[in-house]
Amino acid sequence: MPTPAEGPDEINWHDGVLVDLRISGFAEGEQEFTLIVDLYPDADVHAPRRRYRCIGTNVSRFVMSGDIGRLLKNRSSGNIDLLRMEYTADTEILVVCLFGGTIEVEARSFRLMESTT
């Protein structure tokens, strides 16, 4: 069972690893964005990374660009530079700067939880 973590911006994403991303629900009423990442759970970079799922619900906009070769090349040392959250009156905007690209998603809300898989 996944355990809740703090909000997406309450954990340091630097040197994390992008594992997978999914956008689903186009045939249904609510679109969902799922980002699977391996992150350091605290400031100890010698501890192993842990797997997290960041899920955005009721997605209204997404923009992604990336160089697959660069993302793969930087995977072992961490291909995530940083995460930034922005807020509007009704939505949250997740911005992930990668070593090789950018992910930007606007959704009603995001939650981050540790994953066992």
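# A guided look at the fold and at Trp13

Visitor: From which residue does the backbone oxygen lie 2.8 Å from a polar atom of the side chain of Trp13?
Guide: In this predicted model, the side chain of Trp13 has a polar atom with a backbone oxygen at 2.8 Å. Leaving aside neighbours within four places in sequence, the contacts of Trp13 also include the residue that supplies this oxygen. That residue is Pro8.

Visitor: Is Trp13 buried or exposed?
Guide: Trp13 has its place in the loop between strand S1 (3–4) and strand S2 (17–24). Buried means under 20% relative accessible area. Because its relative accessible area is 2%, Trp13 is buried.

Visitor: How many Å separate the C-alpha atoms of Trp13 and Met64?
Guide: Along the chain, Trp13 and Met64 are 51 residues apart. In space, the separation between their C-alpha atoms is 18 Å.

Visitor: In which strand is the place of Leu35, and is Leu35 buried or exposed?
Guide: Leaving aside neighbours within four places in sequence, Leu35 is in contact with residues including Trp13, Leu94, Val96 and Ile103. Its relative accessibility is 1%, and therefore Leu35 counts as buried. The strand in which Leu35 has its place is S3.

Visitor: Which residues does Thr34 touch, not counting residues up to four places away in sequence?
Guide: Thr34 is found in strand S3, which covers residues 32–39. With a relative accessibility of 9%, Thr34 counts as buried. Once residues up to four places away in sequence are set aside, Thr34 touches Asp20, Leu21, Arg22, Arg53, Cys54 and Ile55.

Visitor: How many helices and strands does the protein chain have?
Guide: Read from the N terminus on, the elements of the protein chain run β-β-β-β-β-α-β-β-β-β. The count for the protein chain is therefore 1 helix and 9 strands.

Visitor: What radius of gyration does the protein chain have?
Guide: The C-alpha atoms of the protein chain fill a box of roughly 40 × 30 × 25 Å, taken along the principal axes. For 117 residues, a compact globule would have a radius of gyration near 13 Å, and the value for the protein chain agrees with this, being 14 Å.

Visitor: Which percentage of the contacts between residues at least 6 apart in sequence joins residues at least 24 apart?
Guide: Of the 117 residues in the protein chain, 38% are buried. Turning to contacts in the protein chain between residues at least 6 apart in sequence, the portion that joins residues at least 24 apart is 58%.

Note on methods. Residues numbered from 1 in each chain as written. Predicted model: local features only at pLDDT ≥ 70, side-chain atom pairs only at ≥ 80, totals over all residues. Heavy atoms only, no water. Helix = DSSP H or I, 4+ residues; strand = E, 2+ residues; numbered from the N terminus. Rg over C-alpha atoms; globule rule 2.2 N^0.38 Å. Buried < 20%, exposed > 50% of the residue type's maximum accessible area, 1.4 Å probe, protein only. Contact = heavy atoms within 4.5 Å. Polar contact = N/O pair within 3.5 Å; in protein donor to acceptor, adjacent residues only side chain to side chain.
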